[in-house]
Amino acid sequence: MQWFYNLSGWQQALLATTFTWALTALGALLVFVCKNVGKGAFALMMSSAAGIMLASTFFSLLMPAMEMVEEYSYLVLTCGFVLGGIMIIVTDVVTGKLNLFAGNAKKRSCAVMCIAVTMHNIPEGMAIGVAFGALASGNNVEAVAAIMLAVGIGIQNFPEGMCVAFPLRANGMGRAKSFIIGQLSGAVEIVAGVIGALAVTFISGILPWALSFSAGAMLAVVCSELIPESFASGKIKATAGVIFGFALMMILDIAFG
């Protein structure tokens, strides 16, 4: 792994977001081999990713940001956090009001899902880029925290690839086209990750703002997408998944951070 740590921040972010995109593509690839995924397995995957991302919000983003700001840290973190959450809320409102496929509710639902998943992947990619950009810049972000953040987002992306590909297939789209569109929803993370890493590398003062902004956006995604989806498919398994994911991230951060 030493070769990875020797890379620049944007190169680390590029590799990390390529990993998260690959898991999106892997999830979409299942459209070729099966018709659907069991509700229990879906709930466990989504809730475990939610737990990992919730822990990452604090350990990987907010806590390092707080340590970087000497004065008015509460103001910087709060403003950045709220702005990140507002961005996701506005995205949800805009995509929900799109007047696409007005005559076909199912196709409109698929279109909104594709746009929503793609838009939500942008701040997730930025969060990864910010974490690795901060790591490469020698700031208070631990390697294990940045890596686990990418792992958590990657785990979430696996069912997201399915969430896009399977509805498209169910509405009559071919398997190949459903797969292509499904994996493309995760490709935006690569671009966003590189931009996030370059931003914190060349503009050091933006780092606490970027970290807290990404934290707010990530928490909003977890609350608006992962938690409702996972708990709708099974309360007990979803609760266990959230606890498992959070505990895993917390243990790894404390033990190796």
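These legends accompany several close-up views of one predicted model.

**View 1. The whole chain is built from helices.**
The predicted model holds 9 helices and 0 strands. Along the sequence the pattern reads α-α-α-α-α-α-α-α-α. The chain has 257 residues, and 46% of them count as buried. Contacts often bridge long stretches of sequence: among those between residues at least 6 apart, 83% join residues at least 24 apart. The chain exposes about 11800 Å². Carbon and sulfur atoms supply 72% of that area.

**View 2. The largest nonpolar core has 33 residues.**
Which residues touch the most other members of this core? They are Phe132, Leu149, Met218 and Leu226. Six elements each give two or more residues: α2 (9-29), α3 (39-68), α5 (105-136), α6 (143-170), α7 (175-202) and α8 (207-232). The largest share comes from α3, with 8 residues. In soluble globular proteins, nonpolar side chains tend to be buried together.

**View 3. Leu149 and its neighbours in the largest core.**
Leave aside residues up to four places away in sequence. Leu149 then touches Ser56, Ser60, Leu61, Ala127, Ile128, Ala131 and Met218. Met218 is, like Leu149, one of the residues that touch the most other core members. A second, separate core has 7 residues. Val144, Ala145, Met148 and Met249 are among them.

**View 4. Asn157 makes polar contacts in helix α6.**
Is Asn157 buried or exposed? Asn157 counts as buried because its relative accessible area is 0%, under the 20% cut-off. Its side chain makes a polar contact with the side chain of Thr24, at 3.3 Å. The side chain of Asn157 also makes a polar contact with the side chain of Glu189, at 3.0 Å. Thr24 and Glu189 both appear in the list of residues that Asn157 touches. That list also includes Thr20, Leu23, Asn121 and Glu124. Residues up to four places away in sequence are not counted there.

**View 5. Ala43 in helix α3 meets residues from far along the chain.**
Ala43 is buried, with a relative accessible area of 0%. Which residues does Ala43 touch, not counting residues up to four places away in sequence? They are Ser230, Ser233, Gly234 and Ala238. Ala43 and Ser230 are 187 residues apart in sequence. In space, their C-alpha atoms are 4.2 Å apart.

**View 6. Ser47 also sits in helix α3.**
Ser47 is buried, with a relative accessible area of 0%. Beyond residues up to four places away in sequence, Ser47 touches Ser230, Lys237, Ala238, Gly241 and Val242. Ser230 and Ala238 are also touched by Ala43. How many residues along the chain lie between the positions of Ser47 and Phe231, counted as their separation? They are 184 residues apart. Their C-alpha atoms are separated by 7.8 Å.

**View 7. Ser185 contacts a backbone oxygen in helix α7.**
Ser185 is found in α7. Why does Ser185 count as buried? Ser185 counts as buried because its relative accessibility is 2%, and the limit is under 20%. A polar atom of the Ser185 side chain lies 2.6 Å from the backbone oxygen of Gly182.

**View 8. Ile180 is partly exposed in helix α7.**
Ile180 shares helix α7 with Ser185. The relative accessible area of Ile180 is 44%, so Ile180 counts as partly exposed. Ala28 is 152 residues away from Ile180 in sequence. Between their C-alpha atoms the separation is 8.0 Å.

**View 9. A nonpolar patch covers about 650 Å² of the surface.**
Which residues make this patch? They are Trp10, Leu14, Leu198, Phe202, Ile203, Ile206 and Trp209. Helices α2 and α7 each supply at least two of the residues. Trp10 lies in α2. Trp10 is partly exposed, with a relative accessible area of 36%. Both α2 and α7 also give two or more residues to the largest nonpolar core.

Notes:
Residues numbered from 1 in each chain as written. Predicted model: local features only at pLDDT ≥ 70, side-chain atom pairs only at ≥ 80, totals over all residues. Heavy atoms only, no water. Core = buried A, V, L, I, M, F, W, Y, C linked by side-chain atoms within 4.5 Å. Buried < 20%, exposed > 50% of the residue type's maximum accessible area, 1.4 Å probe, protein only. Helix = DSSP H or I, 4+ residues; strand = E, 2+ residues; numbered from the N terminus. Contact = heavy atoms within 4.5 Å. Areas by Shrake-Rupley, 256 points an atom, 1.4 Å probe, with all protein chains shown as cover. Polar contact = N/O pair within 3.5 Å; in protein donor to acceptor, adjacent residues only side chain to side chain. Patch = residues over 30% accessible without salt bridge, like charges linked within 9 Å, V, L, I, M, F, W, Y side chains within 5 Å. Salt bridge = Lys/Arg side-chain N within 4 Å of Asp/Glu carboxyl O.
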